[in-house]
Amino acid sequence: MDIFKVLTRGASVKKETGLKAKAADYSVINEKNANHKKDNNEGQITKELDFFRNKRIISEVENGKEEKTRENDLNEGDDSGSEDGEIIKPVITNAAEASALRKSYKGNVSGSDVPLPIGSFEDLISRFSFDKRLLNNLVENGFTEPTPIQNECIPVALNNRDILACGPTGSGKTLAFLIPLVQQIIDDKHTSGLKGLIISPTKELASQIFIECFKLSHKIFLEKKRPLQVALLSKSLGAKLKNKVISDKKYDIIISTPLRLIDVVKKEALDLSRVKHLIFDEADKLFDKTFVEQSDDILSACKEPALRKAMFSATIPSSVEEIAQSIMMDPIRVIIGHKEAANTNIEQKLIFCGNEEGKLIAIRQLVQEGEFKPPIIIFLESIARAKALYHELMYDRINVDVIHAERTVLQRDRIIERFKSGELWCLICTDVLARGIDFKGVNLVINYDVPESSQAYVHRIGRTGRAGRSGKAVTFYTKQDSVAIKPIINVMKQSGCEVSKWMDKMAKLTKREKESIKNGKAHTERKQITTVPKTDRIKRRRQQEMIVASKRRKNEGL
Ligand SMILES: Nc1ncnc2c1ncn2[C@@H]1O[C@H](COP(=O)(O)OP(=O)(O)OP(=O)(O)O)[C@@H](O)[C@H]1O
């Protein structure tokens, strides 16, 4: 069967054999690996985020139903602590072992009194009296060995130190801040109220962090057999807090976007004065011009003198480092890999398309050549362009949908769920999904439009090649991208990709060009996306208008 037919196959075909089986089975594309992939992905989909189950969890947490289940769980026995006296020897016991381990994953850790990294999760038991229930939750979720960013950041946080951490996309930064946070809440079980606050730039990412945190704190009880309470600050929870339907003392950890949090704090519905651990995920985004004021407001509302602060991202430009150094107390800086590079599991490629029409032709060529292997994410620079490409690819009968800020939360959730389950093969989006979102099996990322900065590029292509998997990223560029493409070539070089001589020569940025990129002026206005001749477009629009008018007449009973 040719690849184009496979791609344009509708969801109805999948229903015959069941969603999971189909989601797992890209067999037509890679027949050799069919069985292997099927086994892997089936497990992954059931274990991974069943999105509607997650939605239920969010609302059950708000409505308190979850507590009942957890109370029942309590009767199954609390095996926290290490009362059985079993002593597990830490794997990393001295500076020489630490240095060898760091060398193996190109870790650069600096600051005063840097603690030894952990060599395994078991190390935590002997070194930090780690909660066994928490360790069990890690293992039950399939996390048996720490990733490098976790090797380093967990002991730093458990030593109650401020952290500035930078590690590749998809390398496990979420657990690197969640594991010590949950342990610290357990250790602090005698004080009630909000102690841990995690800030994320988007709702989707906040929701993903919440689910991870929820799984990690499963069956963990604090003083008086009270379950550890985690919440996502959703619109409805915000309203309940404002109306005092729920007490703001109820939760131990809250995950939120900046604006929603500030809204609730300003209405005095949530008190941040006792927060002891404040974590900024995607910190460079939260301290750029879009969010810096809100982040500052949050910092001011957290009045606890011993407040521990942590910043995590795959990209930390020097401007953010400066801010971090000014707001943190004697921080430890953890860098895994090269700070300016992308994840080395991603094969990166540039395609010159000449002009805008050339980009559509390039996509069709990828399809023809069998390079368009789902699941695929395509990034564009604006909502209008994302919508336009969606219509073009729909017209080509590709199994595609689009996410951007104008779609409702419900629409966005549904599309993400369909993409995660494998029902939807190609997802078009703006930068709203560029950061943090963990779609595990993405095969290919296409930058239909050159991203506005090297950081945006690293995050966009980081939606593939996650958790040790490999992935591909293709960036289209035209004559008008001659400046904007330069930082991308530099990232490719830093990530160890082969760069031809002419590309290398082209990558050198003048002072003026650097300035124009910094001010977002490297792009000029792009031409509309379409390969359909103007007369055909007018014909299509007229047809559409006639259909709408006919429907309206029918509704009006004419
Ligand atoms: N110790 C571990 N063992 C196995 N898998 C892990 C481990 N830690 C994290 N993962 C998995 O790795 C994937 C990527 O993790 P995560 O989303 O935290 O990456 P990230 O570094 O925050 O990426 P990004 O920079 O894109 O936000 C997730 O699917 C997560 O479940």
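Ser256 is buried, at 1% relative accessibility. In this predicted model, Ser256 belongs to strand β5, residues 253–256. Leaving aside residues up to four places away in sequence, Ser256 touches Ile198, Ile199, Ser200, Ala206, Leu233 and Leu261.

## The chain as a whole

The protein chain holds 25 helices and 14 strands. Of its 558 residues, 54% are buried. Among the contacts with a separation of 6 or more, 76% join residues 24 or more positions apart. The exposed surface of the protein chain comes to about 26,200 Å², of which carbon and sulfur atoms supply 51%.

## The six-stranded sheet

An open sheet is formed by six strands in the order β9-β14-β13-β10-β12-β11, with parallel pairing. The edges are taken by β9 (346–354) and β11 (400–403), each of which has a single partner strand, so one side of each is left without a neighbour in the sheet. From one strand to the next, the twist averages 20°.

Helix α22, residues 485–494, packs on this sheet and touches β9 and β14. The direction of α22 makes about 155° with that of β9. Helix α21, residues 454–461, lies across β9, β10, β13 and β14 (471–478). Relative to β13, α21 runs at about 150°.

Within the sheet, strand β10 (residues 376–379) has parallel neighbours in β12 and in β13. Four bridges join β10 to β12, which spans residues 426–429. Four bridges likewise join β10 to β13, which spans residues 444–447. Some of the bridge partners can be named for individual residues of β10, as set out below.

| Residue in β10 | Partner strand | Bridge partner |
|---|---|---|
| Ile376 | β12 | Cys426 |
| Phe379 | β12 | Cys429 |
| Ile378 | β13 | Ile446 |

Strand β10 is also covered on both faces. Ile376 and Ile378 point to one side, Ile377 and Phe379 to the other, and all four are buried.

The loop that leads from α18 (356–368) to β10 contains Pro375. The peptide bond from Pro374 to Pro375 is cis, with omega near -5°.

## Two residues with positive phi

Lys225 and Glu282 are both residues other than glycine with a positive phi, and the value is near 55° for Lys225 and near 55° for Glu282. Their surroundings can be described in turn. Lys225 is located in the loop between α12 (203–216) and β4 (230–232). With a relative accessibility of 58%, Lys225 counts as exposed, the cut-off for that class being over 50%. Glu282 is located in the loop between β6 (277–281) and α15 (283–286). The relative accessible area of Glu282 is 5%, and Glu282 is therefore buried, the cut-off for that class being under 20%.

## Ser313 and its contacts

Glu282 is also one of the residues touched by Ser313. Ser313 sits in strand β7, residues 308–313, and counts as buried at 0% relative accessibility. Not counting residues up to four places away in sequence, Ser313 touches Ala165, Cys166, Gly167, Lys173, Glu282, Ala283, Asp284, Arg435 and His459. Among these, His459 falls within the residue range of α21, 454–461. A separation of 17 Å lies between the C-alpha atoms of Ser313 and Ile179, which are 134 residues apart along the chain.

## The pair of helices α13 and α14

Helix α13 covers residues 235–242 and helix α14 covers residues 258–266. Their axes come within 10 Å and cross at roughly 10°. The two helices are therefore roughly parallel to each other, since angles under 35 degrees are placed in that class. On the α13 side, the contact involves Lys235, Gly238, Leu241 and Lys242. On the α14 side, Arg260, Asp263 and Val264 take part. By class, this contact consists of two nonpolar, one polar and four charged residues.

How values were computed
Residues numbered from 1 in each chain as written. Predicted model: local features only at pLDDT ≥ 70, side-chain atom pairs only at ≥ 80, totals over all residues. Heavy atoms only, no water. Buried < 20%, exposed > 50% of the residue type's maximum accessible area, 1.4 Å probe, protein only. Pairing = 2+ DSSP bridges. Axes fitted to C-alpha atoms, helices over the stretch in contact; angles between N-to-C directions. Parallel < 35°, antiparallel > 145°, perpendicular 65-115°, else oblique. Contact = heavy atoms within 4.5 Å. Nonpolar A, V, L, I, M, F, W, Y, C, P; charged D, E, K, R; others polar. Areas by Shrake-Rupley, 256 points an atom, 1.4 Å probe, with all protein chains shown as cover.
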